[in-house]
Amino acid sequence: MDLAERTARSRGFDGFSYADLAKAIGIRKASIHYHFPTKADLSERLIERYHTSLKERLAEIEAACSSAGERLSALIAVYRSALHDGQTVCLCVAFSICRESLPEAVVNRVGSVRAMVLDWIRATFELGLRDGSISSISDPAQEACAILAMLEGAHLAARTAEDPAPFDASTQLLRARCQSASEGNNTGV
């Protein structure tokens, strides 16, 4: 599963075969087919696992970070770490690129993952309105849509360049919104 996910995130879901996985692991293709009869089955398991993992990570951020600015900064860090120095993108982006090759259940699950992240970001901006730790919040729902699109687009830019620098440049203004509000809170302004 780990190898399949890394491969899908670096080469796209259409960019590898069971033969590629079997060779990399040192097993026969039949062994993979035993657990995942089709690539569609593998894609379903991958997105289920990804959904669970991301949901847990968002809960960890909430538990560790009390302010909205800290939470949003932590989310940016999660997306940045998923880049692996520009060699991979998040699984939702990887699967979105090859949407036509995926079963409808997987496409729907990608939508569910994105909806979960959008809700989390929206709630974070709502907290930011209350705690003042993110500057210049207009509409939390619109902010959430824009931020998720920015994070996913920044993933594509970084992967294209094989360098996280475009991601860092794309998220710089958002990180500054969290820092400047936080600095304002610390000084009582």
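Select helix 5, residues 68–81, in this predicted model. Helix 5 comprises 14 residues and spans 20 Å from its first C-alpha to its last, close to the 20 Å expected at 1.5 Å a residue. Next, colour its buried positions: A68, G69, R71, L72, A74, L75, I76, V78 and Y79.

Remain on helix 5 and display the side chain of R80. Which residue forms a salt bridge with R80? The partner is D168, with the closest N and O atoms 2.6 Å apart. This pair joins distant parts of the chain, since D168 lies in helix 9 (residues 165–187) and R80 in helix 5, 88 residues apart. Both ends are partly exposed: D168 has a relative accessible area of 21%, and R80 one of 33%.

Move now to helix 1, residues 2–11, and select E5 and R9. Their side chains meet in a salt bridge, at 3.0 Å from N to O. Because R9 and E5 are four residues apart in helix 1, about one helical turn separates them. Both R9 and E5 are buried.

Keep E5 selected and add R49. The side chains of R49 and E5 also meet in a salt bridge, at 2.8 Å from N to O. Here again distant parts of the chain are linked: R49 belongs to helix 4 (residues 39–64) and E5 to helix 1, 44 residues apart. R49 is partly exposed, with a relative accessible area of 29%, whereas E5 counts as buried at 10% relative accessibility.

Finally, add D2 to the selection. D2, E5, R9 and R49 are linked in a network of salt bridges. The model has 11 salt bridges in total.

Notes. Residues are numbered from 1 along each chain as its sequence is written. This is a predicted model: local features need pLDDT of at least 70, side-chain atom pairs count only at pLDDT 80 or more; totals for chains, interfaces and linings use all residues. Side-chain values use heavy atoms; hydrogens and water are left out. Helices (H or I, at least four residues) and strands (E, at least two) are DSSP runs, numbered from the N terminus. The expected span of a helix is 1.5 Å times one less than its number of residues. Buried means under 20% relative accessible area, exposed over 50%, partly exposed in between (1.4 Å probe, protein chains only). A salt bridge is a side-chain nitrogen of Lys or Arg within 4 Å of a carboxyl oxygen of Asp or Glu.
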